Amino acid sequence: EDMGLEGARRFVGERVAPVALPACSGWGSGPRRASAIERVLTLWTLARIGKAKPTLADLLVAKRAELPLFGRAMLADALFLGRRPADVPKAKELLQEVMNGAKETAREVHFEEGSTAWAATWSSDVRTTAIVLMTLVDGEPDHPFVTKIARFLQTAQKGGRYRTTQEAAFALMAITELVRARERDAPDFDAKVTLGGTVLLTEDFRGRNLNVVTKLLAISAVGGAKAPFIFEKSGPGVLSYSAILRTA
């Protein structure tokens, strides 16, 4: 297995990333050139296993206009993971271009490719959103969209499943990276929500899971209350929360 993984690493690192694929009868009479997105996928994979090639990534930054959103996010992530200080500004510029395409609601953030041209690479809006989350976790883990993107990935399941294995794999990888970066301690806390000193909700969180606790209140129950409106916890772990007011 180790030899197989090492052989694959050498092939993508020495052939695909630098556009030096060998000739193959299935590809025609001569060597096949790797496309820009194939090279980005390769560089992203190498960076994630600690074998980054930032010099080759530099060449693709100039071609970023040819890339879909997920390609630009992967390229930014490869630069972040390369750990070269000089690459950080380039990575942040790429990431900002991606973030400019964010679709935000009160509770969630997601990204849309806006084209079906990338169907051959198994692209989808859910997969792109997951890739953006992984990039944020590596480059800007405290970005305010991180939690809202994670919530979108949780609600993107239909009947407990994602639409494709690509969506499932990337969503799970992204959420796992988020947990590693921001939730090193397993939840073991009690949470409480109060408004003007009145307790609206209490809940205990023990261990890791994707469960969301929701409390709906009529406006009459909170209309006469005064600030402060407080979410608090006692014990280790990260409490993620949101509040939505709907009126008519």
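Lys and Arg count as positive here and Asp and Glu as negative, while His and the chain ends are not counted. The place of each charge is taken as NZ of Lys, CZ of Arg, CG of Asp or CD of Glu. With that in hand, colour the charged side chains: the protein chain has 34 positive and 28 negative ones, and the centres of the two sets lie 2 Å apart.

Before we walk on, a word on the model. This is a predicted model, in which local features need pLDDT of at least 70 and side-chain atom pairs count only at pLDDT 80 or more, while totals for chains, interfaces and linings use all residues. Residues are numbered from 1 along each chain as its sequence is written, and side-chain values use heavy atoms, with hydrogens and water left out.

**Stop 1: the whole chain**

Show the protein chain as a cartoon. You will find nine helices and five strands; helices (H or I, at least four residues) and strands (E, at least two) are DSSP runs, numbered from the N terminus. Follow the sequence from its start and the pattern reads α-α-α-α-α-β-β-α-α-α-β-β-α-β. Along the principal axes, the C-alpha atoms fill a box of roughly 75 × 40 × 40 Å.

Now switch on the surface. The accessible surface comes to about 14,300 Å², and 53% of that belongs to carbon and sulfur atoms. Such areas come from the Shrake-Rupley method with a 1.4 Å probe, and for residues only the protein chains shown count as cover. Of the 248 residues in the chain, 36% are buried. Buried means under 20% relative accessible area, exposed means over 50%, and partly exposed is in between (1.4 Å probe, protein chains only).

Contacts are worth a look too, a contact being heavy atoms within 4.5 Å. Among those between residues at least 6 apart in sequence, 59% join residues at least 24 apart.

**Stop 2: helix α2**

Select residues 36–48, which form helix α2. How far apart are the end C-alpha atoms of α2? They are 18 Å apart, which agrees with the 18 Å that 13 residues should span at 1.5 Å a residue; the expected span is 1.5 Å times one less than the number of residues. Show side chains in α2, and several buried ones appear, including Ile37, Val40, Leu43, Trp44 and Leu46. Just past this helix, pick Gly50, whose phi is positive, near 80 degrees.

**Stop 3: two loops with positive phi**

Move to the loop between α4 (69–82) and α5 (88–99) and click on Arg83. Arg83 is not a glycine, yet its phi is positive, near 65 degrees. Is Arg83 buried or exposed? Arg83 is exposed, with a relative accessible area of 62%.

Next, go to the loop between β2 (109–111) and α6 (125–139), where Trp122 lies. Trp122 also has a positive phi, about 60 degrees, although it is not a glycine. At 59% relative accessibility, Trp122 counts as exposed.

**Stop 4: the paired strands**

Select β3 (residues 188–195) and β4 (residues 198–206), which run antiparallel and are joined by eight bridges. Two strands pair if DSSP finds at least two bridges between them. Two pairs of partners to highlight are Thr194 with Val199 and Lys192 with Thr202. The hairpin of β3 and β4 has two residues between the strands, and there Gly196 takes a positive phi near 60 degrees.

Now add β5 (residues 229–234), which runs antiparallel to β3 and is joined to it by six bridges. Leu195 has Phe229 as its bridge partner in β5.

**Stop 5: two glutamates and a glycine**

Find Glu104 in strand β1 (residues 102–104). At 47% relative accessibility, Glu104 counts as partly exposed. Which residues does Glu104 touch, not counting those up to four places away in sequence? They are Val109, Phe145 and Lys148. For a distance to draw, take the C-alpha atoms of Glu104 and Ala47: these residues are 57 apart along the chain, and the atoms are separated by 29 Å.

Glu177 sits in helix α8 (residues 165–182) and counts as buried at 15% relative accessibility. Leaving out residues up to four places away in sequence, Glu177 touches Arg48, Met134, Val137 and Asp138.

End at Gly160, in the loop between α7 (146–155) and α8. Gly160 is exposed, with a relative accessible area of 58%. Its C-alpha atom is separated by 26 Å from that of Gly114, 46 residues away along the chain.
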